[in-house]
Structures are given as structure tokens and as C-alpha cells.
Amino acid sequence: MPMSPRDQEVDAVFSPSQMPCAECGESVVRVAVHSHACDPSRRLDFQMLAMRRGVLAFDSELREYLSGKEGRFETWLAAREVRRSA
Ligand SMILES: [Zn+2]
């Protein structure tokens, strides 16, 4: 079924010619998306940005764990193991 001018207009609005690569975030021409190869450095930056919240929370979560009862025991146990192997 041929598209009416109105359908083509709607299609142009909702189908931009470029789309972000899901792996690296680079804007890729839609028709060339299958031939796109991610830049490893850009891909790493993009994925680190996506995980930033978890990475930022890690330090405080670790500090909180280590100051708790279980964490203090694990710290003591690890220090003991290090002393034994030295
Ligand atoms: Zn990519």
C-alpha cells in the first residue's frame, strides 16, 4: 500500500535518519547501523557513564558495610590472613 504524503510526514517525524548506538551512544545513520563498529574507548566511557550511579554509590556502601559488625569481622579476618602469609 503506497504511503500518503501525510503518512510520509509522520514517518519522517518518528523515524529520524540517525539513532544512538545502544552500546556506545554514538549517533549512527539508521541504514548503516549493522555496519557500525563501536570505538572501544567511546564504548567504555558510555558504559561507565551508565553505571556511574552504582560506581559512585560503591564507596559509601563499602564504607558502611566495613563499619558494621560483619564488615569489622571481615576486616579483622583479612588482616589476620595477611599477617599469617607474611
Ligand atoms: Zn557503537
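**Helices in the open and a contact point at Arg43**

Helix 4, covering residues 69–85, is a good place to begin: its 17 residues reach 25 Å from the first C-alpha to the last, close to the 24 Å expected at 1.5 Å a residue. None of this helix is tucked away, since the number of buried residues among its 17 is 0, so helix 4 lies largely in the open. The model is a predicted one, and confidence varies along it. Among the elements of the chain, helix 4 has the highest mean pLDDT, at 95, while helix 1 (residues 5–14) has the lowest, at 52. For the chain as a whole the average pLDDT is 85, and 83% of the residues score at least 70.

Stepping back to the overall layout, the chain contains 4 helices and 2 strands. Following the sequence, these elements come in the pattern α-β-β-α-α-α. Buried residues account for 0% of the 86 residues in the chain.

Helix 3 (residues 52–67) makes a helpful companion to helix 4. Helix 3 has 16 residues and spans 24 Å between its first and last C-alpha atoms, close to the 22 Å expected at 1.5 Å a residue. Along the way there is a kink of about 35°, centred on Phe58. Of the 16 residues in helix 3, 0 are buried, so this helix too lies largely in the open.

A closer look at one residue shows how parts of the chain meet. Arg43 sits in helix 2, which runs over residues 40–50. Setting aside neighbours within four places in sequence, Arg43 is in contact with Glu23, Cys24 and Cys38. With Cys24, the separation is 19 residues in sequence, but in space the two C-alpha atoms are 4.1 Å apart. Is Arg43 buried, exposed or partly exposed? There are 16 other C-beta atoms within 10 Å of its own; because a residue counts as buried at 20 or more and exposed at 12 or fewer, Arg43 is partly exposed.

Note on methods: Residues numbered from 1 in each chain as written. Predicted model: local features only at pLDDT ≥ 70, side-chain atom pairs only at ≥ 80, totals over all residues. Expected span 1.5 Å × (residues − 1). Contact = placed C-beta atoms within 7 Å. Bend = angle between axes of the 7 residues up to and from the residue. pLDDT = per-residue confidence, 0-100.
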